[in-house]
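Here is a report on domains and contacts. Please view the model first.

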Amino acid sequence: MSRPPSEAIPLIFELGQEGRANRYLERGKPLESFLPKAIVREDLPLPDNSELDVVRHYTQLSHRTFGIDLGFYPLGSCTMKYNPRVNDAIVARREFSDLHPYTPDELAQGALEVMYELERSLSSLFGMAAFSLNPSAGAHAELGALLIAKKYFKERGETRRDKVIVPDTAHGTNPASAAMCGFKVISLPSDARGRVDVDEIRKVANDETAVCMMTNPNTLGLFEEQIAEIAAVVHDAGGLMYYDGANANAIMGYARPGDMGFDLMHLNTHKTFTIPHGGGGAGHGPLGVAAHLVEYLPTPVVVRDGPSFHLDFDRPKSIGPMRSFWSNFAHAVRALAYLYANGEEGLKRVSQLAVLNANYVRVKVAEFLETPYPENCRHEFVASAQRLKKEHGVRALDIAKALLDHGYMAPTVYFPLIVPECLMIEPTETESKETLDGFVEALRAIVIAAQTDPAALLEAPVTTPVGRVDETLAARKPDLRWKN
Amino acid sequence: MYAPHTPRDVEQMLEAVGAASLDDLLRVPDAIALKAKLDVVPALPEYLIQRRFSQFAEKNAGVAYRSFLGAGAYRHYAPPAIAALAMRGEFLTAYTPYQAEVSQGYLQAIYEWQTYICLLTGMELANASVYDGATALAEAAIMALGATGRQRVLVSSAVHPNYRGVLRTYCDGLDVVVDEIPFTNDGTTDWAAVAAAVAGGEYAAVAVQSPNFFGNVDTPSQQAREAIAQSSTVPIGVVAEALSLAALAPPSSWGAQIVAGEAQSFGVAQAYGGPYAGFIASTQEHLRRIPGRLAGKTVDHAGRTAYVLTLQAREQHIRRERATSNICTNQAHCALIATIYLALMGKTGLRDAAALNLARSRELASAVANVPGVRLKHTAPFFNEFVADVGRPAGEVLSALQRHEILGGVDLGRFYPELSTCVLVTATELTTTGDIDALARALTEVLHVPAAV
């Protein structure tokens with residue numbers, strides 16, 4: 001019996017008692033015996049807790065946290081698929097977990113080979129010349145790519161190229177990354193079919209264009225069939241093409257960003273390659289480049305020299321390092337283990353079934369919700385609660401909250417921004433038909449409830465430890481830490 | 001393959017969708033369709049995947065050596081209870097807690113992490129984590145650029161070289177100039193030079209690290225503090241060894257407004273460099289410029305205590321190109337690990353760990369200094385690492401130590417040509433007297449042999 005759901009869990013700071021310490025280490029001498037008194041810290045206001053109290057505390061907190069392991073997690077654009085436990089077991093091996101980043105190359109050959117094999121496989125799978133495993137997440141890789149573009153154009157004397165073209169369906173990180181490189185953002189409207197129109201690109205691509213950032217399939221789950229033409233327009237204008245790989249789960253074995261005409265890309269291995277999201281990170285965002293940009297990759301780069309591998313820091317054209325140490329290496333291990341679990345055929349199958357699952361849910365959901373783009377989707381699709389809102393006052397947010405009461409994580413809501421009352425649903429390939437059927441029926445029941453008893457839905461969720469939270473209060477009077 | 005579909009499932013689902021085949025659903029224009037045979041690693045059953053990774057593991061021989069490596073990544077004791085809790089599937093397989101009602105546990109843990117970071121650094125607020133210590137410094141500098149409207153940043157050359165490298169990478173993107181202040185012969189920042197440099201009021205920030213890259217306690221002199229304050233330069237304190245916060249006066253004590261740090265020492269695996277747990281803490285005045293997620297305490301509609309991601313108007317998914325940063329994914333799980341570490345260790349355990357680091361590193365320093373031909377480079381107080389001058393090219397000496405299965409430290413010549421005979425040597429609570437004796441013996445033997453040149 002855990003703590004009753006309605007009862008608040010005290011903060012760890014409210015549990016502790018002075019003198020209730022665990023004996024992990026021997027007692028140390030007074031700090032003043034090692035350091036001048038003037039620089040010694042006087043007080044350290046942290047609680048002492050028994051191990052059992054700590055174990056209960058965080059176990060209870062886990063009971064109030066929803067993960068993939070508890071239920072279906074159709075969070076669009078986040079690719080919440082099953083996280084295989086074998087990958088964690090491999091990472092936990094001492095030879096990986098205890099390896100210091102300054103271990104000499106000759107004594108870390110296994111780690112370097114893991115990174116090299118992953119890098120080579122990614123390059124082939126996505127049609128790029130090389131990848132850097134340096135960036136810590138997708139947004140970090142976007143920043144790296146735009147820094148590469150900036151340096152590339154600077155060296156070519158094309159500093160007037162200060163514009164980055166971003167479709168209106170793009171992830172928020174795209175324009176934010178562009179701003180971190182001093183680029184100005186040009187937002188591109190999508191057409192009625194939810195795609196980027198080549199003619200629109202023609203209007204804005206010119207000698208001020210640095211980069212065009214695209215997601216394909218885009219965040220509506222639709223494949224940009226004109227991608228090669230778009231790339232040609234951007235290239236003719238002298239710009240570079242960037243592929244946001246958040247949706248790579250839809251294309252493996254069928255298409256490669258390199259073949260679509262992209263010069264730069266990232267992959268979120270924490271999406272496509274099953275690395276656990278861990279409540280928001282850590283991620284892993286390998287950054288891929290075409291041949292003409294390899295020299296600019298962040299340092300260090302893993303290189304092969306006959307039978308051995310080493311970290312190459314001597315890269316004169318590199319944009320420099322992007323993080324304290326070489327990579328989120330533990331995630332590189334997980335990503336490579338995932339590749340071994342699939343191989344080429346398996347990866348193709350992953351994309352096939354991810355797309356099949358999304359379409360299966362889409363046709364069923366279309367029976368009771370608007371789907372603004374009524375055609376075959378790829379790995380995800382968008383539905384809209386606009387009609388429900390107009391007729392019954394029930395919004396996408398209310399549907400999302402009601403799903404929580406049914407034991408499902410809510411889809412991504414209100415994104416992409418161009419779809420009113422948007423619900424963005426990505427089932428992933430690791431979910432069974434039975435799970436999808438259960439989800440669809442829950443959603444159907446919610447929509448029916450919205451039409452018959454909308455007031456009740458506005459209260460949802462009611463089965464969770466807390467109901468809807470007061471976000472306005474949180475923002476108006478920020479309380480970001482405990483105070484004694 | 002981790003998909004559960006039976007052939008019958010696929011058939012039924014295709015029919016429901018109205019597609020003739022899977023290829024039908026995934027078709028792309030012929031001009032870009034994949035035709036090449038891919039060169040990815042082969043598929044293996046799970047037991048052979050494990051065997052493949054055993055082969056990789058065996059080639060990481062360095063993990064079994066006696067190690068004196070530190071320099072921004074530290075080997076500390078991590079109670080097994082951390083993994084037992086942090087690896088719970090609820091935590092491990094959750095996404096960013098957008099849906100607060102089913103994420104109260106994780107949100108509360110983030111709030112606890114923010115509190116721990118505030119208590120340790122002496123700052124008023126902290127974010128939910130950034131990628132690592134180096135990117136924390138870069139993001140902190142960007143906060144200062146916004147706060148001051150200036151376009152230059154000053155950094156001590158005794159700040160970790162990789163952190164400075166990342167700071168430069170980020171600043172290049174913003175066309176911001178980074179200037180460096182030299183360190184003195186005693187391995188601490190030239191504070192008179194800092195005072196002179198900031199006086200003109202052109203720097204947005206001055207970044208200093210304590211303990212610095214050489215392990216030395218390195219905080220601004222009174223004169224430097226006054227010059228920093230008078231010129232409205234934002235002082236950034238960098239902390240690469242978070243355990244030092246348990247022993248040393250916190251960055252708030254010398255006036256830091258932003259603290260950029262790395263919490264890897266708090267139970268996070270070394271893992272060849274990541275993932276780690278970067279953090280940014282600051283005074284209240286920088287609240288609106290802090291990057292990334294923030295968990296806040298509020299109430300639900302019934303007045304019950306609740307936690308939620310807050311002040312999201314700073315973030316990329318709302319503000320897009322006007323966001324304070326592009327960061328989206330952070331290092332939440334590493335921050336959770338660090339939070340659990342801090343809860344388990346408590347004040348007493350943390351103080352003990354710090355005292356043992358101080359004790360063992362002093363034992364090590366005196367053993368190393370007793371080796372003929374070796375001298376300690378600096379006399380400043382240090383935490384758990386220090387610089388030893390071995391009197392000949394450090395790289396050669398370290399290679400020779402490897403033949404004794406010892407990783408003797410980090411060759412400082414990699415980063416500072418003038419320190420090419422110097423090694424950064426680290427001891428933690430896990431360093432044994434046996435390790436220290438072995439290093440002293442091997443170093444004596446290595447240095448006894450005349451230099452090759």
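## Domains and contacts

The C-alpha centres of domain 1 and domain 2 of chain A lie 42 Å apart. Domain bounds come from an automatic or database domain assignment. This is a predicted model: local features need pLDDT of at least 70 and side-chain atom pairs count only at pLDDT 80 or more, while totals for chains, interfaces and linings use all residues. Residues are numbered from 1 along each chain as its sequence is written, chains are lettered from A and ligands numbered from 1 in the order in which they are written.

| Chain | Domain 1 | Domain 2 |
|---|---|---|
| Chain A | residues 12–62 | residues 86–341 |
| Chain B | residues 63–77 + 346–448 | residues 80–341 |

In chain B, the C-alpha centres of domain 1 and domain 2 lie 28 Å apart. Their contact takes 24 residues from domain 1 of chain B and 24 residues from domain 2 of chain B. Residues are in contact if their C-beta atoms, placed from the backbone, lie within 7 Å. On the domain 1 side, α12(B) gives the largest share, six residues. That side divides into 14 nonpolar, six polar and four charged residues. Nonpolar covers Ala, Val, Leu, Ile, Met, Phe, Trp, Tyr, Cys and Pro; charged covers Asp, Glu, Lys and Arg; the others, Gly among them, are polar.

Between the chains, 163 residues of chain B are in contact with 172 residues of chain A. Helix α12 (residues 332–369) of chain B gives the most to the chain B side, with 23 residues. Helices (H or I, at least four residues) are DSSP runs, numbered from the N terminus. By class, the chain B side has 96 nonpolar, 41 polar and 26 charged residues.

Methods
Two residues are in contact if their C-beta atoms, placed from the backbone, lie within 7 Å. Helices (H or I, at least four residues) and strands (E, at least two) are DSSP runs, numbered from the N terminus.
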